[in-house]
Amino acid sequence: MNPQSMILPAANPELAPWPPTANLNVEPRAEVLSGAEVIVRSLEQQGVRVIAGIPGGALLPLYEALSRCSRIRHVLARHEQSAGFIAQGMARITGRAAVCLATSGPGVTNILTALADAKLDSVPLVCIAGQVPTHLIGTDAFQEVATVDLAKPITKAAFFASRADELGELIAEAFRIAESGRPGPVLIDVPKDVQLQQCELRPRSAPTQPGAQERPPKCRSLYDEAAELLAKAERPVLYVGGGVVKARAEGVLRRLAEQAGIPVTTTLMALGALRHDHPLNLGMLGMHGSMVTHHVLEECDLLIAVGARFDDRATGKPDRFAPRAKIIHIDIDAREFGKIKQPDLAIHADAWTALVQLAARIRFGAKSRFDGWRNRVSDLRARYPSRAESSAAQPHAVIARVASHLPEDVIVTTDVGQHQMWVAQSFPFVRADRWLTSGGLGTMGFGLPAAMGAALAEPAATIACFTGDGSFLMNIQELATLAELKLNVKILLFDNASLGMVRQQQSLFYGRRLCASEYERPSDFVRIARAFDIDAIDLSTCSESEFGTALRRPGPVLIRIPIGAAEMVMPMVAAGAANIEALNVTQ
Ligand SMILES: Cc1ncc(C[n+]2csc(CCOP(=O)(O)OP(=O)(O)O)c2C)c(N)n1
């Protein structure tokens, strides 16, 4: 792993050190703590400063301990799913596991979506769930659900805490698992009586460091093989996924691409890994990717997949994806090899290490070998300009306008639907680690709470949250939390009075039979936001200077942007089709 990416727990001078510095001559004294106090201490030891959650009976001992003996800031979300997404926002920005809390039963079932979302997008989270007292487990007690059973398939690990004295180890282990190798969410289910149980606690040794384990084997000779494949190739392409962003390997990616002169296409998760205007950047591939990418991949003879998992949205029909290419697949998670496409060479490594090794093997003069290929790519670009470049299509034009008022280091979040794809296609991304979208699970309702989490992690940043009216309604209650916290979140609400992406699919693939995709009575979002005490304006009635001021003034604001219901995201690959068969119609 890139050493720079190992963000160690931030030292908080305000907090008493724990464990106390060991005095080797004196037997360390055991302390008597409750399970809840052990949890709080352990979270502090991991450097946690902010957590999000909602209390309930089964979690009240933990909340009592938080208020009595900790300076950890608790953010009271208005729905547990949002608490999970707030934690995701923090984790996606810092790269460290963030913490969310949910009480037993409905609190847990509400937060599961955010955990599943974190699993598919490899986001490190630690969720602490309250559980009914041990003696009631299995009795269908009030607010009892089988939390660990529910969480297991959608988390990296799910633990049940049966004793207070094991909580310290469990929490350290949860952070280690969440952050090491391929990151992901971990849940700990803690019965109420275990939170109340007293235990003797001896000071532990130093906390484990993130990424300290799960090191993939050294595979030096495989890099030589990769270099040989590249030396024999004539039309190589780098296919870059979220693993590059997780490993903070964007710098070395650029170096490799430039040294060897290889065109780069990124997945939705890796947008910005190469600046949007970099000459080697082909743009996004997949269902709503650029036509030029589809054509380049059709002709490519060596695909170097780095931290990408050949997701169906990226590949389309897998056997028609990059059909002429040999494949080198580099991934931190060996389970990805051959899952969708059989690689000719698999390298089990984190993206940073692998790209450094490959870059070191680029032969002098390699770049000029691919001059012809780059010329061909330029021809294809001219033949298939992206829609964002070629038209003043309303959504793309609005996105460009929004971007022109935002700082270059803006953090961008989205919800799910057409607006998400328009932003993916045309926002001028310069940094991938400031792009937060629900890629794997595609969860409507992600955008606003994730933006709030990002703002909590980086209070000085500007956060632009692009959302659709359908998605926004799924976690609209968080406007209350936003008003309370006054975070610098700009909500760009694309209002087409419909579930646009569903409407689009019905229009294209279901004989234009629109069913349950249009709102009969659209909501008045400006009034709703104002009722929550959030400033709000409507782009159809405000001047350009009001618009710019709203985006630049610190603090939250909602801007309603009317979008024609018939607007479509193009190109679009139909489900089951090959990417090269993408539709590219204009309504
Ligand atoms: C929680 C959830 N439910 C349903 C879907 C299926 N779905 C995908 S896009 C979409 C419509 C989104 O509408 P909106 O947020 O208004 O965005 P638009 O497509 O109009 O830009 C739906 C219902 C989903 N992705 N997530």
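How much space lies in the largest cavity? About 70 Å³. Before we look around, bear in mind that this is a predicted model, where local features need pLDDT of at least 70, side-chain atom pairs count only at pLDDT 80 or more, and totals for chains, interfaces and linings use all residues. Residues are numbered from 1 along each chain as its sequence is written, and side-chain values use heavy atoms, with hydrogens and water left out.

Let's start with the empty space. A cavity here is a set of points on a 1 Å grid over the protein atoms alone where a 1.4 Å probe fits but cannot get out, and its volume is the space filled by probe spheres set on those points, joined across faces, edges and corners. There are 4 cavities of 30 Å³ or more. Residues lining the largest one (an atom within 4 Å of a point) include Phe427, Pro428, Phe429, Arg431 and Trp435.

Now for the ligand. It has 17 residues around it, and Gln418, Gly442, Gly470, Ser471 and Gly500 come nearest; being near takes a heavy atom within 4 Å. Helix 18 (418-426), helix 20 (469-472) and helix 22 (500-509) each give this shell at least two residues, helices being DSSP runs of H or I with at least four residues, numbered from the N terminus.

Some polar contacts (pairs of N or O atoms within 3.5 Å) can be picked out too. A ligand nitrogen sits 2.8 Å from a polar backbone atom of Gly442. One ligand oxygen atom is 2.9 Å from an N or O atom in the side chain of His419, and an oxygen atom of the ligand is 3.1 Å from a polar backbone atom of Ser498.

Technical notes:
On a 1 Å grid over the protein atoms alone, a cavity is a set of points where a 1.4 Å probe fits but cannot get out, and a pocket is an open set with protein on both sides within 12 Å along at least five of seven lines; lining residues have an atom within 4 Å of a point. A polar contact is a pair of N or O atoms within 3.5 Å; within protein, one must be able to donate a hydrogen and the other to accept it, and residues adjacent in sequence count only if both atoms are side-chain atoms.
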